[in-house]
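Okay, thanks everyone, I'll keep this short. Have a look at the sequence and the structure on the screen, and then I'll walk you through a few spots in it.

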Amino acid sequence: MAKTENGVRIFQGLLILGNVVIGMCGIALTAECIYFVSDPHGLYPLVEATENDDIYAAAWIGIFVGFALLALSILGIIGVIKSSRTLLLVYIILMLITFAFEMASCITAATHRDFLTPNLFLKQMLERYQKPEADNNNDKWMSEGVTKTWDKLMLQNQCCGVNGPSDWQEYTSAFRTTHSDADFPWPHNCCVLDSQGHPINLDGCKLGVPGFFKSNGCYAAISGPMNRQAWGVAWFGFAILCWTFFVLLGTMFYWSRIEY
């Protein structure tokens, strides 16, 4: 190693500090991704029914990466303190593998938000909401999940359809096959309800009288939470990768200077 003992100690201290930050970031990343996959907004059935839930896969990878970063940061600290080439070599190899996994998670989360368009959820809603007959058990299970999720969305967010109530009139839907336009122009939950869950004026709701039906669409209530969580997973993970890259470079340099 270098002759200057003070310089070595300072460099070791920087590497230890770098790994402490990595460990803390790993804990934070795990917590963030666990929050995401716990589906606090109840939107997973809508994403799952699109048959492309890669954004949740990215979050699961983030959970694994978070635990790995915590464990590897501890290994790195021990390797630096002991100046062990073996431990640091294992640390470098495993950290590079973890780095690749987190890069995949970041890219998936960042790009998947472009997939969640209004037309995607509109098509899904029209095809699956209150679908009278399912093709198979999986189709039935997905349709029931979509129906329950949309009922909850429209009730809690005071909204109707993806773009608005007109979605139910302008397009053919599974809902329309079992409800006539004159009696049910849109679902029950599109009406303004009282505390008992009954429309305050059913006729006014059916006729589209302002104040008796919900005129706003629900897309913002879907895309807002999904985009925020996706960007959180992507950009926080990217920030961790930037920090880890420099710590890895420092560790490689330190490893190369350790005498056999």
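**A walk around the model**

So, on the surface there's a nonpolar patch made of Phe64, Leu89, Val90, Ile93, Leu94, Ile97 and Phe101, and together they have about 590 Å² of accessible area. Before I go on, please keep in mind that this is a predicted model. Which helix gives the patch its largest share? That's α4, residues 85–112, with 6 residues. Take Leu89 as an example: Leu89 sits in helix α4, and with a relative accessible area of 37% it's partly exposed. For this patch, a residue has to have over 30% relative accessible area, and Leu89 at 37% gets past that.

Now over to helix α3, and to Val65, which is located there. Buried or exposed, what would you say for Val65? It's buried, with a relative accessible area of just 1%. If you skip residues up to four places away in sequence, Val65 touches Leu29, Thr98, Phe101 and Glu102. You've already heard one of those names, since Phe101 is also in the surface patch. Ile97 is in the patch too, and from Val65 to Ile97 you go 32 residues along the sequence and 9.8 Å through space, C-alpha to C-alpha.

Okay, the overall layout. The protein is split into domain 1, which is 1–116 + 227–257, and domain 2, which is 118–219. The contact between them draws on 9 residues of domain 1 and 14 residues of domain 2. Measuring sticks out: the C-alpha centres of the two domains are 42 Å apart. And how much area is buried between domain 1 and domain 2? About 1100 Å², and carbon and sulfur atoms give 68% of that. On the domain 1 side, the residues losing the most area to domain 2 are Leu46, Ala49 and Leu116, and together they make up 49% of what that side buries.

Those of you who like electrostatics will ask about charges here. As general background, side chains of opposite charge can pair when their charged atoms come close. Across the interface of domain 1 and domain 2, though, the rule finds 0 salt bridges. In the whole structure there's 1. Where is it? It's between Glu127 and Lys123, and their closest N and O atoms are 3.0 Å apart. These two are 4 residues apart in helix α5, residues 118–128, so about one helical turn separates them. Glu127 itself is partly exposed, at 41% relative accessible area.

Let's stay on α5 for a minute. Its buried residues are Phe121, Leu122, Gln124, Met125, Leu126 and Arg128. What do they pack against? The list is α2 (44–49), α6 (137–156), α7 (167–170), α8 (174–178) and α10 (219–257). The one I'd like to zoom in on is Gln124, in helix α5. The cut-off for buried is under 20% relative accessible area, and Gln124 comes in at 5%, so it counts as buried. Leaving out neighbours within four places in sequence, Gln124 is in contact with Leu46, Ala49, Thr50, Tyr129, Val146 and Trp150. Leu46 and Ala49 should ring a bell, as both were among the domain 1 residues losing the most area to domain 2.

Next, some backbone angles. As a rule, most residues other than glycine have a negative phi. After α5 comes Gln130, and its phi is positive, near 50 degrees. Ser83 isn't a glycine either, and its phi is positive too, near 50 degrees. You'll find Ser83 in the loop between α3 (54–82) and α4, partly exposed at 28% relative accessibility. Then there's Gln158, again not a glycine, with a positive phi of about 50 degrees. Gln158 is in the loop between α6 and α7, and its relative accessible area of 43% makes it partly exposed.

Last stop, Gln156, which is in helix α6. Buried or exposed, for Gln156? Exposed, with a relative accessible area of 56%. Gln156 and His112 are 44 residues apart in sequence, and their C-alpha atoms are 26 Å apart in space.

That's my tour, thanks for listening.

Definitions and conventions
Residues numbered from 1 in each chain as written. Predicted model: local features only at pLDDT ≥ 70, side-chain atom pairs only at ≥ 80, totals over all residues. Heavy atoms only, no water. Patch = residues over 30% accessible without salt bridge, like charges linked within 9 Å, V, L, I, M, F, W, Y side chains within 5 Å. Areas by Shrake-Rupley, 256 points an atom, 1.4 Å probe, with all protein chains shown as cover. Salt bridge = Lys/Arg side-chain N within 4 Å of Asp/Glu carboxyl O. Buried < 20%, exposed > 50% of the residue type's maximum accessible area, 1.4 Å probe, protein only. Domains from an automatic or database assignment. Contact = heavy atoms within 4.5 Å. Buried area = accessible area lost by both parts, 1.4 Å probe.
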